[in-house]
Amino acid sequence: MEGIGFLGIGIMGKAMAVNLLRHGFKVTVWNRTLSRCDELVQHGASVGETPAAVIKKCKYTIAMLSDPAAALSVVFDKHGTLEQICGGKGYIDMSTVDADTSSQISQAITSKGGSFLEAPVSGSKKPAEDGQLVILAAGDKDLYDQVVPAFDVLGKKSFFLGQIGNGAKMKLVVNMIMGSMMNAFSEGIVLADKSGLDPHTLLDVLDLGAIANPMFKMKGPAMIKNSYPPAFPLKHQQKDMRLALALGDENAVPMPVAAAANEAFKKARSLGLGDHDFSAVFETLSK
Ligand SMILES: NC(=O)C1=CN([C@@H]2O[C@H](COP(=O)(O)OP(=O)(O)OC[C@H]3O[C@@H](n4cnc5c(N)ncnc54)[C@H](OP(=O)(O)O)[C@@H]3O)[C@@H](O)[C@H]2O)C=CC1
Ligand SMILES: O=CCCC(=O)O
């Protein structure tokens with residue numbers, strides 16, 4: 001593959017871009033807060049002054065941005081992706097957005113002759129650092145085949161899910177389940193504690209049974225200490241619950257558990273916990 005552009009050097013974008021550099025890819029980065037690119041330069045990246053400058057330079061460009069508004073802004077605003085995208089160039093948006101946002105971006109890119117893939121990911125900061133993400137791609141199959149070498153570095157498994165929107169929907173379903181689980185887990189820890197049990201023993205019991213999972217194992221000990229270093233920011237989890245609930249509305253799927261979980265994440269945001277890890281929803285139970 002030729003050089004890759006990378007737009008959005010947040011928690012995930014930084015880990016993914018560093019990983020690509022470590023594996024020998026030439027990477028040109030851009031971030032809205034440009035100073036955040038400095039660390040990437042130390043790892044060997046070049047910097048583009050605008051998204052358009054990155055697109056102009058690179059055959060393939062990946063975006064990893066916070067939400068639908070950010071993903072749209074980087075494509076459609078002045079000096080954005082659309083100004084330079086053209087035939088022979090590919091744009092891969094790995095942000096978690098809804099299917100409608102992805103379709104808008106896809107239509108705009110393809111109307112200029114470019115090719116487009118949505119490719120949101122499952123897995124957080126550590127899997128991103130270790131190249132262990134799960135990639136949920138959909139859209140242009142030729143572009144997918146061309147960028148497999150990069151996906152092989154970023155992830156442990158890639159799925160090609162067909163038409164645009166399917167990757168976004170799959171990602172939202174997964175994160176809706178995860179957000180609901182996090183709330184049940186938080187309630188369980190508090191219930192164990194308040195009823196006189198040792199929450200650490202609860203973690204040991206959970207880890208040996210049918211509902212053992214990496215998330216409980218990884219986040220539980222820190223939650224018991226009321227510590228929430230951001231791997232997956234709570235504001236993004238609440239965005240995903242909101243988008244998943246909208247998908248439920250569209251399809252007339254009742255989701256009372258997810259709706260309650262969303263309320264808990266909104267409460268956590270109102271307490272100023274949006275930039276903490278999403279496990280900080282635990283705090284809403286004692287407030
Ligand atoms: N963290 C995680 O565990 C995971 C996150 N995701 C998803 O990946 C995406 C990125 O997440 P993460 O890295 O954690 O988020 P961060 O909040 O760490 O980074 C967000 C990035 O988006 C940029 N951004 C925000 N608003 C705008 C805007 N209006 N215009 C241009 N750029 C903007 C930020 O730029 P600036 O630095 O200037 O603020 C930053 O580069 C999200 O969609 C998230 O849901 C998916 C899987 C796991
Ligand atoms: O979107 C964030 C997903 C976080 C994870 O899969 O651990």
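Let's start at Q42, which is exposed, with a relative accessible area of 70%. Here exposed means over 50% relative accessible area, buried means under 20%, and partly exposed is in between (1.4 Å probe, protein chains only). Q42 lies in helix α2, residues 38-42. Helices (H or I, at least four residues) and strands (E, at least two) are DSSP runs, numbered from the N terminus. Count 24 residues along the sequence from Q42 and you can get to V18, with 9.9 Å between the two C-alpha atoms.

A quick word on what you're looking at: this is a predicted model, where local features need pLDDT of at least 70, side-chain atom pairs count only at pLDDT 80 or more, and totals for chains, interfaces and linings use all residues. Residues are numbered from 1 along each chain as its sequence is written, chains are lettered from A and ligands numbered from 1 in the order in which they are written, and side-chain values use heavy atoms, with hydrogens and water left out.

**The whole chain**

The chain has 12 helices and 9 strands. Its radius of gyration is 20 Å, close to the 19 Å that the globule rule gives for 287 residues, so the chain is as compact as a globular protein of that length. That radius is taken over C-alpha atoms, and the globule rule is 2.2 Å times the number of residues to the power 0.38. Along its principal axes, the C-alpha trace spans about 65 × 45 × 35 Å.

How much of the chain is buried? Buried residues account for 52% of the 287 residues. As for what shows on the outside, the chain exposes about 13200 Å², and carbon and sulfur atoms supply 55% of that area. Those areas come from the Shrake-Rupley method with a 1.4 Å probe; for residues, only the protein chains shown count as cover.

Contacts (heavy atoms within 4.5 Å) often link distant parts of the sequence: of those with a separation of 6 or more, 67% are between residues 24 or more positions apart. On the charge side, there are 29 positive and 29 negative side chains, and the centres of the two sets lie 4 Å apart. Lys and Arg count as positive and Asp and Glu as negative, while His and the chain ends are not counted. The place of a charge is taken as NZ of Lys, CZ of Arg, CG of Asp or CD of Glu.

**A buried lysine**

Now over to helix α10, residues 214-224, where you'll find K219. K219 counts as buried because its relative accessibility is 12%. Leaving out residues up to four places away in sequence, K219 touches M182, A231, D277, F278 and S279. With D277 there is also a side-chain polar contact of 3.1 Å. A polar contact is a pair of N or O atoms within 3.5 Å; within protein, one must be able to donate a hydrogen and the other to accept it, and residues adjacent in sequence count only if both atoms are side-chain atoms. F278 is 59 residues from K219 in sequence, and their C-alpha atoms are 9.8 Å apart.

**Two partly exposed helix residues**

I11 belongs to helix α1, residues 11-22, and is partly exposed at 32%. Its contacts, again not counting residues up to four places away in sequence, are K125, P230, A231 and P233. P149 sits in helix α7, residues 141-154, and is partly exposed as well, at 37%. With the same sequence neighbours left out, P149 touches M1 and F25.

**Two positive phi angles**

Most residues other than glycine have a negative phi. Which residues here have a positive phi? H79 has one near 65 degrees, and A252 has one near 50 degrees. H79 is in the loop between α4 (68-76) and β5 (90-93), and its 37% relative accessibility makes it partly exposed. A252 is in the loop between α11 (234-250) and α12 (256-270), and counts as exposed at 67%.

**Some C-alpha distances**

| Pair | Apart in sequence | C-alpha to C-alpha |
|---|---|---|
| P149 and M12 | 137 residues | 19 Å |
| I11 and Q84 | 73 residues | 26 Å |
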